[in-house]
Structures are given as C-alpha cells and as structure tokens.
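This report describes the fold, packing and confidence of one protein chain. The sequence and structure come first.

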Amino acid sequence: MNTATPHATPAVAAGADAALQVRDLVAGYTPGLDILRGVNLRVERREIVTVLGPNGAGKSTLIKTIAGLVPVRRGEVLLAGRSLVGVAAHRMVTLGLAYVPQTGNVFARLSIEENLQLGACARHDGAGIAEDLERMYQLFPRLRERRRQAAGTLSGGERQLVAVARALMARPTTLMLDEPSAGLSPKLVGVVFDKVREVRDLGVTLLIVEQNAKAALAISDRGYVLAQGREQVSGAARELLANPEVGALYLGVRRGLT
Ligand SMILES: Nc1ncnc2c1ncn2[C@@H]1O[C@H](COP(=O)(O)OP(=O)(O)OP(=O)(O)O)[C@@H](O)[C@H]1O
Ligand SMILES: [Mg+2]
C-alpha cells in the first residue's frame with residue numbers, strides 16, 4: 001500500500017545517541033550572513049527523516065553543512081554522538097556519513113560500474129567491495145543490465161539510482177540525499193522513493209531534503225519544515241501531511257497536499 005503509513009519508530013533507549021543530531025546550528029557562506037540560524041534536528045537509527053521547505057530556505061545548506069562543506073559558525077553536528085564539526089568533508093565517508101548532492105552526482109563519462117567502484121575508493125577490503133557491488137546490482141537490477149554504459153547516457157531516474165548506489169558503496173551508516181526526485185517524472189519518483197525505503201531496510205539511516213513533499217513524507221517516519229533558517233514545524237510524517245498550516249505556509253497549497 002503506497003500510503004503515509006508510518007514505520008514503527010525505532011525503540012530508543014533514554015539518552016541513547018541519535019544516528020545524527022544537529023543542535024542550534026548556525027552556518028553560512030559569506031561573513032555576516034547566516035543562512036542557518038539555529039537549526040535543531042534529530043534522526044534516530046534506521047529512521048527516514050525528510051526536511052521540507054521553500055526554495056532558498058537553506059535545505060541544501062543544511063545538508064552541506066552536516067557534510068562538512070559549509071563552515072559551522074555555532075552549534076553542533078553529532079554522528080552517533082561524535083562531533084563532526086571541523087571534520088574535513090572527504091573524511092566524513094570514513095566515519096559513516098555519505099551524501100548525494102542535488103546536482104552533478106554522477107561521473108557522466110565513467111561507466112555505471114566505475115561510478116560504483118569510486119564509491120568504495122576509501123575502502124581496502126577487495127572481497128567486501130565485490131560483495132557490495134553484487135548487492136547493489138541486486139538492489140538496482142537496471143544498473144546491472146547497463147553496467148558498462150556511461151552514466152551520462154542514463155535517464156534522470158537511473159542516474160539518481162547510480163548516485164545512491166555509489167554512496168552506499170562506502171557502507172555508510174547514515175545517508176543524506178539532496179532532492180533525489182528533482183526533475184523526475186511521477187513514475188520515476190515512485191521508483192526512487194521505493195528504493196530509498198529498501199535502503200533503510202538494509203539498516204541505513206536516511207536524511208532527505210525534498211521539494212516533493214507528498215512523495216517524500218509518504219516514505220518517511222518524521223519530517224521537519226525549514227524556513228527562514230530554522231526548523232519551523234516538525235512531527236510524524238503523517239501529521240505533517242495532514243497539517244493545513246504546513247501545506248499552506250511552507251509547502252505551497254498548489255503542491256496538492258490536501
Ligand atoms: N555557494 C553559495 N554561496 C553563497 N550563497 C549561497 C550558496 N549556496 C546557496 N546560497 C544561498 O543560501 C540560501 C539557501 O540556499 P539553499 O541552496 O540552501 O536553499 P534550498 O532550500 O536548498 O533551495 P532549493 O529548494 O532551491 O534547492 C540562498 O539564499 C542561496 O542564495
Ligand atoms: Mg537545495
């Protein structure tokens with residue numbers, strides 16, 4: 001059933017570290033101009049959490065700041081309780097955090113298989129890498145058929161799957177996706193989000209940034225609405241879907257949430 005049925009919230013012992021936690025996060029690109037102005041967010045292990053919000057709200061900035069690509073001015077980012085502030089972006093993957101950017105997320109001239117192998121470039125366990133490659137082809141059978149094809153020749157949806165598979169090749173505990181459904185037809189949006197759910201079932205925690213509120217919340221446990229640099233509303237995905245204030249103020253009524 002393709003509805004907003006929430007997945008069981010994982011049992012969390014009191015005081016246990018979240019998979020990912022952001023506390024009072026302030027960040028921006030240019031001095032004196034904060035884009036994030038005190039964001040708080042928590043993702044439990046094996047949860048799917050979606051961040052929604054209008055264009056320019058700072059969604060990509062949030063994900064890039066967590067990934068170490070935008071400097072933190074104040075606040076904390078914790079991965080399983082460990083601070084990521086000051087950790088270089090290229091080291092995040094070795095700590096278990098992977099990130100699929102909003103654009104430019106495949107190497108167009110390399111084959112699908114080369115793209116996937118690059119995802120494992122920080123690993124040295126050859127047998128494990130081969131196993132994971134096979135696992136990716138099981139998860140994404142379309143990619144197996146096309147594994148020798150240049151990634152740039154794939155459809156938008158297939159490219160998105162390559163980007164997700166490449167990120168998974170690093171064996172992350174937590175995966176962040178910036179607008180995985182951008183530019184996809186409604187049918188492909190369904191394909192990509194179904195796969196996101198399967199990825200969670202493999203044991204991965206997911207933080208997703210999306211414009212496509214309805215489709216993203218349908219597969220999420222919880223969501224946050226970001227606007228003016230702060231999280232304005234948060235709650236169970238089903239509650240956000242039903243919240244008229246959320247629909248009207250932050251998601252655009254024309255997106256057809258009701
Ligand atoms: N590299 C950059 N340098 C300076 N300012 C930037 C940069 N990237 C983004 N910004 C600014 O930060 C603000 C938030 O942008 P961001 O890309 O985080 O928004 P978003 O919520 O992801 O929007 P969209 O839904 O359009 O992807 C915008 O005002 C934008 O102009
Ligand atoms: Mg963005």
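## Packing of helix 3

The buried residues of helix 3 pack against three helices: helix 4 (126–139), helix 5 (141–145) and helix 6 (156–168). This is a predicted model. Helix 3 spans residues 112–119, and its buried residues are Ile112, Asn115, Leu116 and Gly119. Because these four cover an arc of only 95° around the axis, they sit on the same side of helix 3.

## The six-stranded sheet

An open sheet is formed by 6 strands, in the order 6-7-8-3-9-10, with mixed pairing. Its edges are strand 6 (97–100) and strand 10 (230–236), each of which pairs on one side only. On average, neighbouring strands of the sheet are turned by 15° against each other, direction ignored.

At one end of that order, strand 9 (residues 222–227) and strand 10 run antiparallel and are joined by 6 bridges. Within this pair, Val225 has Val233 in strand 10 as its bridge partner.

## Helices across the sheet

Helix 1 (residues 59–66) lies across five strands: strand 3 (48–52), strand 6, strand 7 (174–178), strand 8 (205–209) and strand 9. The angle between helix 1 and strand 7 is about 150°.

Helix 6, one of the helices against which the buried residues of helix 3 pack, also lies across strand 6 and strand 7. Helix 6 runs at about 165° to strand 6.

## The chain as a whole

In total, the protein chain has 10 helices and 10 strands. Its radius of gyration is 18 Å, close to the 18 Å that the globule rule gives for 258 residues, so the chain is as compact as a globular protein of that length. The C-alpha trace spans about 45 × 40 × 40 Å along its principal axes.

Of the 258 residues in the protein chain, 43% are buried. Among contacts between residues at least 6 apart in sequence, 68% join residues at least 24 apart.

## Confidence

The average pLDDT of the protein chain is 89, and 90% of the residues score at least 70. Two stretches score low. Over residues 1–11 the pLDDT stays under 50, and the model has 17 contacts beyond four places in sequence for this stretch. Over residues 253–258 the pLDDT is likewise below 50, and the model shows 12 contacts there beyond near neighbours in sequence.

Technical notes. Residues numbered from 1 in each chain as written. Chains lettered and ligands numbered in written order. Predicted model: local features only at pLDDT ≥ 70, side-chain atom pairs only at ≥ 80, totals over all residues. Buried ≥ 20, exposed ≤ 12 C-beta atoms within 10 Å, placed from the backbone. Helix = DSSP H or I, 4+ residues; strand = E, 2+ residues; numbered from the N terminus. Arc of directions from axis to C-beta. Contact = placed C-beta atoms within 7 Å. Rg over C-alpha atoms; globule rule 2.2 N^0.38 Å. Pairing = 2+ DSSP bridges. Axes fitted to C-alpha atoms, helices over the stretch in contact; angles between N-to-C directions. pLDDT = per-residue confidence, 0-100.
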